[in-house]
Structures are given as structure tokens and as C-alpha cells.
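Colleague: I have a new model on my screen and would love to learn how its labels are earned. Could you walk me through them?

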Amino acid sequence: MTSYIPASANPPGDRQSLEQESAIINPIEYPGVTQQLSENVILTTVDDLYNWARLSSLWPLLYGTACCFIEFAALIGSRFDFDRFGLIPRSSPRQADLIILAGTLNMKMSQPTMRLYEQMPDPKYVIAMGACMITGGMFSADSPTAVRGADKILPIDVYIPGCPPRPEAIMDAIIKLRKKISAESLQERGEREPTHRFYTISHQMKPVEPPLKGIYLNSPSRQAPPAELAEALGIPVSDALQARQNKSVEAAEERQRNSSGAMGSS
């Protein structure tokens, strides 16, 4: 039986080109340097490389004082997944370079907040989240302890208005902060460092006598039932309790006389 070998569909020249193409697609050895410079060399500046590394690995501090932190916590979950931005929440300020001020800032928490900010390594950034952190929010009208804006104690980079802002607003603030970081330069770092931005207005409040002095806790009606009620119900009052009640009443009257004399002398 005669066997026929089919003729090659490709000429010898095309076969050689196919072999070269196969060698490029499936190389046996390590690929060498090609003729195209863009495939082997990346041209950039130190500023761009440094800023790209920083904006791609912002580590926020787990900080929150009120309800805005619930929205920030939702951002960490799987629904919004802010890990795709390279944000890894840290519990230590020495490992964080971003602090998102979420919640109400009062005078009691202002000093710990400043301490956390000072413990963060440079360069560091601050985002004020919510109306309470920007202007004091609903507490700016009559609260004696609320700070009217976190910019009175810390330099703010991005503001997020809202009460409270949604997680999408935080993502927008992160994108704006990344754009701000990408425009920075190592040569201008000394000139663009946060300066002293403390600003306040001397209050016109006057100290007054506190209305609650705790005297009502030592009133006879709170220490024992009234004599008429005790007599009607047949509740006996021991001599020790009666002596203690008399002593408490005398002490309360003495404190009241002393406070009245001190206010009269002043």
C-alpha cells in the first residue's frame, strides 16, 4: 500500500518564521533584553516613586469617639472593602500614618487625641469626619465642653461633611488625600509641614455656684421614711438610725452655712 505524505501548507520561509514566533511565545531559556526600551526600563522620579508607595499604603488609626465611627467601621467590612486602597487599620499610633477623626470632640478627649497625633510618625495626615469634627455640629450651640472644630488642635487635610457621612464619602476623601499625596515633593517637605494652627476665642462665661451640691442625698426624707408614714405603717426606727439621721442633717446644715458665708465674703 502506497502512503502519501501531505505537502506542507506553508513554504519553508513561513516555517522558519513560525519557529521563531513559537520560540518567543514559549521560550526555553530566560528571555533576553529586547530592542524596545519601554519593556525593560521604568523611568520615574524619586518623588513619584516615594509618593506612590505612601499613597498606596495608608494605614489609618482605629480612632472614634461617637456615632461617625460606626460608618468608618462599616467601611472596613466586606461590603465596601477599603483594603483595596491599601488601607490597613492599625491599633497603635506608632504604626499609623492617617487618623480619621470620627465623632464628637470634647475638651476631655482633645488632649488624648493630640497625644495620639504626636505619637504618629511623619509624614502623617488627618481627616475630619462629620459635622461635629468640623464645626461642633449640633453641640456647637449650647455645649460647654464640645470643641468647635478639630482644626483648633490639629491640622486637617480633608474634611468630610455630613451627620454622619456615608462610607462612600470616606472613600471619596481617601481618593482626594491620595491625590494630595501624589503632588507632594521631598524638597518641599520642610516648607509644607503643618504649622501651629491653634485658634480659639476667649469665652465670656462666668463661674457660678453649681446648682447640685448633693445635699438632697442627705435629706431626712431620703435617709428614712417620714415620721407620719413610719407611724402609720408601724415601721420602727432604731436609735442608731435616728442618731445617724440627726448627725447627717447637722452636717448638711453646717456645709450650707459655710458655703453661704464663703459666697458672701467673696
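Colleague: How many salt bridges does the count come to?

Modeller: The count comes to five salt bridges. Please keep in mind that this is a predicted model.

Colleague: What makes Asp157 and Lys180 a salt bridge?

Modeller: The rule asks for a side-chain nitrogen of Lys or Arg within 4 Å of a carboxyl oxygen of Asp or Glu. The side chains of Asp157 and Lys180 meet at 2.8 Å, N to O, so the pair is called a salt bridge. Asp157 sits in the loop between α5 (131-134) and β4 (158-160), and Lys180 in helix α6 (residues 167-182), so the pair ties together parts that are 23 residues apart in sequence.

Colleague: Why are Asp157 and Lys180 called partly exposed?

Modeller: Buried means under 20% relative accessible area and exposed means over 50%, with partly exposed in between. Asp157 has 24% and Lys180 has 30%, so both fall in the middle class.

Colleague: How do you know that Arg166 and Glu168 form a salt bridge?

Modeller: Their side chains meet at 3.1 Å, N to O, and that is within 4 Å, so the rule is satisfied. Both partners are partly exposed: Arg166 has a relative accessible area of 46%, and Glu168 has 38%.

Colleague: What separates Arg257 and Glu254 along their helix?

Modeller: They are three residues apart in helix α9 (residues 239-265), which means about one helical turn. Their side chains meet in a salt bridge at 2.5 Å, N to O. Glu254 is partly exposed, at 38% relative accessible area.

Colleague: Why is Lys124 called buried?

Modeller: Its relative accessible area is 13%. That is under 20%, so Lys124 counts as buried. Lys124 is found in the loop between α4 (107-119) and β3.

Colleague: Which backbone oxygens does the side chain of Lys124 reach?

Modeller: The side chain of Lys124 reaches the backbone oxygen of Tyr117 at 2.8 Å and that of Met120 at 3.3 Å. A polar contact needs N or O atoms within 3.5 Å, so both distances fit. Leaving out residues up to four places away in sequence, Lys124 touches Asp97, Tyr117, Glu118 and Asp157.

Colleague: Where does Lys124 lie with respect to Tyr117?

Modeller: Lys124 lies over the face of Tyr117, at 4.3 Å from the ring centre. The distance part of that rule is within 6 Å, so 4.3 Å passes.

Colleague: How many aromatic pairs are there?

Modeller: The count comes to two aromatic pairs. One of them joins Phe69 and Phe72, with 5.6 Å centre to centre and 55° between the planes.

Colleague: What makes the pair of Phe69 and Phe72 tilted?

Modeller: Under 30 degrees would be stacked and over 60 edge-to-face, so an angle of 55° leaves the tilted class. Phe69 and Phe72 both lie in helix α3, three residues apart, about one turn of the helix. Phe69 is partly exposed, at 24%, whereas Phe72 is buried, at 1%.

Colleague: Why is the pair of Phe72 and Phe82 called edge-to-face?

Modeller: The planes of Phe72 and Phe82 stand at 85°, with ring centres 6.2 Å apart, so the pair is edge-to-face. Phe72 lies in helix α3 and Phe82 in the loop between α3 and β2, so this pair ties together parts that are 10 residues apart in sequence. Phe72 and Phe82 are both buried. Ring pairs link Phe69, Phe72 and Phe82 into a cluster.

Colleague: Which residues have the most contacts inside the largest nonpolar core?

Modeller: They are Leu98, Ile100, Ile127, Met129, Ile170 and Leu177, in a core of 23 residues. At least two residues each come from α3 (68-76), β2 (98-102), β3 (125-129), β4 and α6. The largest share, six residues, is supplied by α6. A second, separate core has 16 residues, including Tyr63, Ile99, Met120 and Leu154.

Colleague: What makes Ala131 partly exposed?

Modeller: Its relative accessibility is 24%, between 20% and 50%, so partly exposed is the right label. Ala131 lies in helix α5.

Conventions
Residues are numbered from 1 along each chain as its sequence is written. This is a predicted model: local features need pLDDT of at least 70, side-chain atom pairs count only at pLDDT 80 or more; totals for chains, interfaces and linings use all residues. Side-chain values use heavy atoms; hydrogens and water are left out. Helices (H or I, at least four residues) and strands (E, at least two) are DSSP runs, numbered from the N terminus. Buried means under 20% relative accessible area, exposed over 50%, partly exposed in between (1.4 Å probe, protein chains only). A nonpolar core is a set of buried Ala, Val, Leu, Ile, Met, Phe, Trp, Tyr and Cys residues joined through side-chain atoms within 4.5 Å. A polar contact is a pair of N or O atoms within 3.5 Å; within protein, one must be able to donate a hydrogen and the other to accept it, and residues adjacent in sequence count only if both atoms are side-chain atoms. Contact means heavy atoms within 4.5 Å. Rings of Phe, Tyr and Trp (its six-membered ring) pair if their centres lie within 6.5 Å; planes under 30 degrees apart count as stacked, over 60 as edge-to-face and the rest as tilted. A charge sits over a ring if NZ of Lys or CZ of Arg is within 6 Å of the ring centre and within 35 degrees of the ring normal.
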